[in-house]
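Colleague: Got a minute to go over this model with me? I'd like to talk through a pocket and some charged pairs.

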Amino acid sequence: MESFEQVLSAVKDHCRTAESETIYNLWLQGIEPVSYNDGLATLSVSTDFIKSTVEDRYLDLIKSGFESVMGFKVDVSLVSRASIPASAHVPAAQSPEELYTFEGFIVGQDNRFAHAAAQAVAANPARAYNPLFIYGAPGLGKTHLLHAIKNELNKMNPSLKVLYVGGEQFTNELIAAITAGNTEPFHDKYRSVDVLLVDDVQFIGGKEATQEEFFHTFNSLHNAQKQIVLTSDRPPKEIKSLEERLRTRFEWGLLADVQPPDIETRISILYRKAEMLAFELPSNVAEYIANCLKSDVRQLEGAVKRLNAYCMLEGVVPTTFFAQNVIRDIMSEQQPIPVTVEKIVGEVARTFNVSTEDIRSSKQNASVSAPRQIAMYIVREVTGMTMEKIGTEFGGRNHATVVYAISKIEKQIESDTRLRELVGDIIKNSKN
């Protein structure tokens, strides 16, 4: 979840299932978020009367909703919007990402080095490892470490300007700045920070304008002895569509990989999550889950959370039988998202800095036709779609046009190593 608002929405859904629709609509539907700080969720209701009623009758239900959604106990405070002066300052809601800490990160043999490196950077920004490049498959804790660095720095030195951004967000903000014809605010935002944390930096690969901008941002910060931390799903040398000058700079500091947790670490993660939920997880159930879910920390945490909710709602004790049902649901939800034509066209468009509308249009200039042909080739490779259907997806082009485009790209990638690597990266990013 990306915001306190989303957390509260899930909590209200929890409350809706526990009470009648009439009670929910009358007393709980109008609850709004105010702030989340240090384990205290402050919520608002419209009147003093509703505040008094909710506190008397439904506060425990709301608390149980927060515990179910967030995985640990949360105190809840209610305020009446009718009692808040219009000019009063309402604190900004805290994002759940701010709950990530180094203490909450389960350390095992497969992530110990990355955890220690992240702690060193938080303790001595720009003096320990600069840049720090953390890589590994999704769901292994890279984002957790980035936010832990941010939270530790904010706690120890609030005056530092620390900025977290995703690689795709960086690209989108740059495109928006270029489209608006004013990149100065963009430069000011990214080149004036003390610590820059970039998640999924592989997404800038193949995007020439973005790489050019990131190159200058990197140099500006590094020359000013500001800390840079990057994460990726692979090491720099394997981001084939990344410019050599960036790949070299990413390797200037320290590379730290995060591998899937071993069985002992997986069991520790399960027990830690169960402890946070005040949920007694039998050892045989923990071992069963750990042996079934091997590659994604989020799946492990989700399994405990769901098993706890199931046992609470049904009034039963956790067993491997119930765990089987939970795992079956998780595995079905975690299947790879099918790669659609829209995702492929979108990734090609971002890579070549053109619009998806142009790729599907009748325009014949080289800056559009080349990306269009590459998109057609990738759609064929990834989806196996027929030439006729591909033609329909790309503005109603005929069979011969599609065959020509795909054949042309096939021949080019045989002799053009850079194009072959670029196409490979587009395919990989389209699947994320």
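Modeller: Sure, here is a chat about the pocket first and the salt bridges after that.

Modeller: Bear in mind that this is a predicted model: local features need pLDDT of at least 70, side-chain atom pairs count only at pLDDT 80 or more, and totals for chains, interfaces and linings use all residues. Residues are numbered from 1 along each chain as its sequence is written, and side-chain values use heavy atoms, with hydrogens and water left out.

Colleague: OK, which residues line the second largest pocket?

Modeller: Gly206, Glu208, Ala209, Thr351, Phe352, Asn353, Arg418, Leu419 and Leu422. A pocket here is an open set of points on a 1 Å grid over the protein atoms alone, where a 1.4 Å probe fits, with protein on both sides within 12 Å along at least five of seven lines; lining residues have an atom within 4 Å of a point.

Colleague: Which helix gives the largest share of that lining?

Modeller: Helix 20, with three residues. Helix 9 (208–223), helix 15 (341–352) and helix 20 (417–430) each bring at least two. Helices are DSSP runs (H or I, at least four residues), numbered from the N terminus.

Colleague: Switching topic, how many salt bridges are there?

Modeller: The whole structure has 18, counting a side-chain nitrogen of Lys or Arg within 4 Å of a carboxyl oxygen of Asp or Glu. Take Arg350 and Glu168, at 3.4 Å from N to O. That pair links distant parts of the chain, with Arg350 in helix 15 and Glu168 in helix 7 (residues 167–180), 182 residues apart.

Colleague: Which residues share a salt-bridge network with those two?

Modeller: Lys207 and Glu347 are linked with Glu168 and Arg350 in a network of salt bridges.

Colleague: And what does Glu213 pair with?

Modeller: Arg191, with the closest N and O atoms 2.7 Å apart. Glu213 sits in helix 9 and Arg191 in helix 8 (residues 184–191), 22 residues apart.

Colleague: Is Glu213 buried or exposed?

Modeller: Glu213 counts as buried because its relative accessibility is 10%; the cut-offs are under 20% for buried, over 50% for exposed and partly exposed in between (1.4 Å probe, protein chains only). Arg191, at 30%, is partly exposed.

Colleague: What about Asp358, which residue does that side chain meet?

Modeller: Lys363, in a salt bridge of 2.8 Å, N to O. Asp358 is buried at 18%, while Lys363 is partly exposed at 40%.
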